[in-house]
Amino acid sequence: MDRANYVSPIWTQSAYDDAPLSIGHGQTISAPHMHSTAMEELLPAIKKAAKEKKNLVRILDVGSGSGYLSVAFGRLLAIMGIADGKVFGIDVVEDLVDTSLQNVKKEDGDLLSSGKVSIRIGNGWRGLPSEGPFTAIHVGAGADALPKDLCVQLAKGGRMVIPVETAGGYQSFYRIDRVALSDDGKFHEEDFVMKELFPVRYVPLVH
Ligand code: SAH
């Protein structure tokens, strides 16, 4: 896939730089190294789920922005032969959702027409319970606290990567594994293993 399809035309010249670029509305398409780090972190959970229950691989991309990462996950599922796997992108800014769909249609429209990738308006604090549980959740904006509604949408064995604010207003990239499933559907800390990976700087996950 071509990153030039996912940046504003004025940034085409910089499309292959390893840097975030403006996509309007004060938002950016993340730098390629962050996209790849996020995918690499989520890959083991996707591989495991694919082995155990091929058709149930579901990926949620919160703050889908340009649409680039949702499509990258869609291509990954195809490469891995996960025929019925699905990627759901959600973003709070309607205009970005519209633009991202136009971006995808340029050269990756097959993923939309096949239903492998869909992008819609949605709030990451609430997630997308109607399409869960998810094998993998990527959050592309910094949360000021752990979004518990999102955590409970992880399938058992599922993994989420998310930037979360730490003490002192800094952000860290966290990996969260769901190791157990409580019956009541509520958030229980002991169902999750949380690991702080490294410091990051993302735009806020708005309330
Ligand atoms: N990962 C994307 C975009 C990163 S910018 C890319 O690389 O293109 C962060 C995105 O998160 C923005 O598009 C912003 O609109 C979105 N966002 C911020 N708060 C959100 C929320 N509560 N729910 C869903 N999306 C949100």
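**View A. Gln153 is buried, with a relative accessible area of 9%.** Buried stands for under 20% relative accessible area, exposed for over 50% and partly exposed for values in between (1.4 Å probe, protein chains only). The model is predicted, so local features need pLDDT of at least 70 and side-chain atom pairs count only at pLDDT 80 or more, whereas totals for chains, interfaces and linings use all residues. Residues are numbered from 1 along each chain as its sequence is written, and side-chain values use heavy atoms, with hydrogens and water left out. Gln153 occupies the loop between helix 5 (148-151) and strand 7 (154-165); helices (H or I, at least four residues) and strands (E, at least two) are DSSP runs numbered from the N terminus. From Gln153 to Tyr170 the C-alpha to C-alpha distance is 26 Å, for 17 residues of sequence separation.

**View B. The rings of Tyr6 and Tyr68 belong to the aromatic pairing of the structure.** Five aromatic pairs are found in a search of the whole structure (rings of Phe, Tyr and Trp, the last by its six-membered ring, with centres within 6.5 Å; planes under 30 degrees apart are stacked, over 60 edge-to-face and the rest tilted). The ring centres of Tyr6 and Tyr68 are 5.5 Å apart and the planes meet at 85 degrees, so this pair is edge-to-face. Tyr6 comes from the segment before strand 1 (21-24) and Tyr68 from helix 2 (residues 68-79), so the pair ties together parts 62 residues apart in sequence. Both Tyr6 and Tyr68 are buried.

**View C. The rings of Phe173 and Phe198 form a stacked pair.** Their centres lie 5.4 Å apart, with the planes at 25 degrees. Because Phe173 is in strand 8 (residues 171-178) and Phe198 in strand 9 (residues 192-200), the pair ties together parts that are 25 residues apart in sequence. Phe173 is buried, at a relative accessible area of 0%, while Phe198 is partly exposed at 28%. Ring pairs also link Tyr202 with Phe173 and Phe198 in a cluster.

**View D. Helix 1 (residues 32-52) has 21 residues and a kink at Leu42.** The kink is about 40 degrees and lies shortly before the proline Pro44; the bend at a residue is the angle between axes fitted to the seven residues ending there and the seven starting there. The end C-alpha atoms of helix 1 are 30 Å apart, in agreement with the expected span of 30 Å (1.5 Å times one less than the number of residues). Buried residues of helix 1 include Met34, Ala38, Leu42, Ile46 and Ala50.

**View E. Helix 2 is largely enclosed by the rest of the structure.** Nine of its twelve residues are buried, among them Tyr68, Val71, Phe73, Gly74 and Leu77. The end C-alpha atoms of helix 2 are 16 Å apart, which agrees with the expected 16 Å. After helix 2 comes Gly81, with a positive phi near 75 degrees.

**View F. His25 and the bond between Gly132 and Pro133 are shown for their backbone geometry.** Most residues other than glycine have a negative phi, and most peptide bonds are trans. His25, a residue other than glycine, has a positive phi near 55 degrees. His25 is found in the loop between strand 1 and strand 2 (27-29) and is partly exposed, at 47% relative accessible area. The peptide bond joining Gly132 and Pro133 is cis, with omega about 0 degrees. Pro133 belongs to the loop between strand 5 (117-121) and strand 6 (134-139).

**View G. The largest pocket holds about 570 Å³ of space.** A pocket is an open set of points on a 1 Å grid over the protein atoms alone, where a 1.4 Å probe fits with protein on both sides within 12 Å along at least five of seven lines; lining residues have an atom within 4 Å of a point. Its volume is the space filled by probe spheres set on the points, which are joined across faces, edges and corners. The lining of the largest pocket comprises 36 residues, of which Thr28, Gly140, Ala141, Tyr202 and Val203 lie nearest the centre. Strand 2, helix 1, strand 3 (58-62), helix 2 and strand 4 (86-91) each contribute at least two lining residues. By class, the lining has 19 nonpolar, 14 polar and three charged residues (Ala, Val, Leu, Ile, Met, Phe, Trp, Tyr, Cys and Pro are nonpolar, Asp, Glu, Lys and Arg charged, and the others, Gly among them, polar).

**View H. Asp98 lies in helix 3 (residues 94-107), as does Leu101.** Asp98 is partly exposed, with a relative accessible area of 39%, and Leu101 is partly exposed at 22%. The C-alpha atoms of Asp98 and Ile121 are 9.3 Å apart, across 23 residues of chain. For Leu101 and Tyr6, 95 residues apart along the chain, the C-alpha separation is 9.8 Å.
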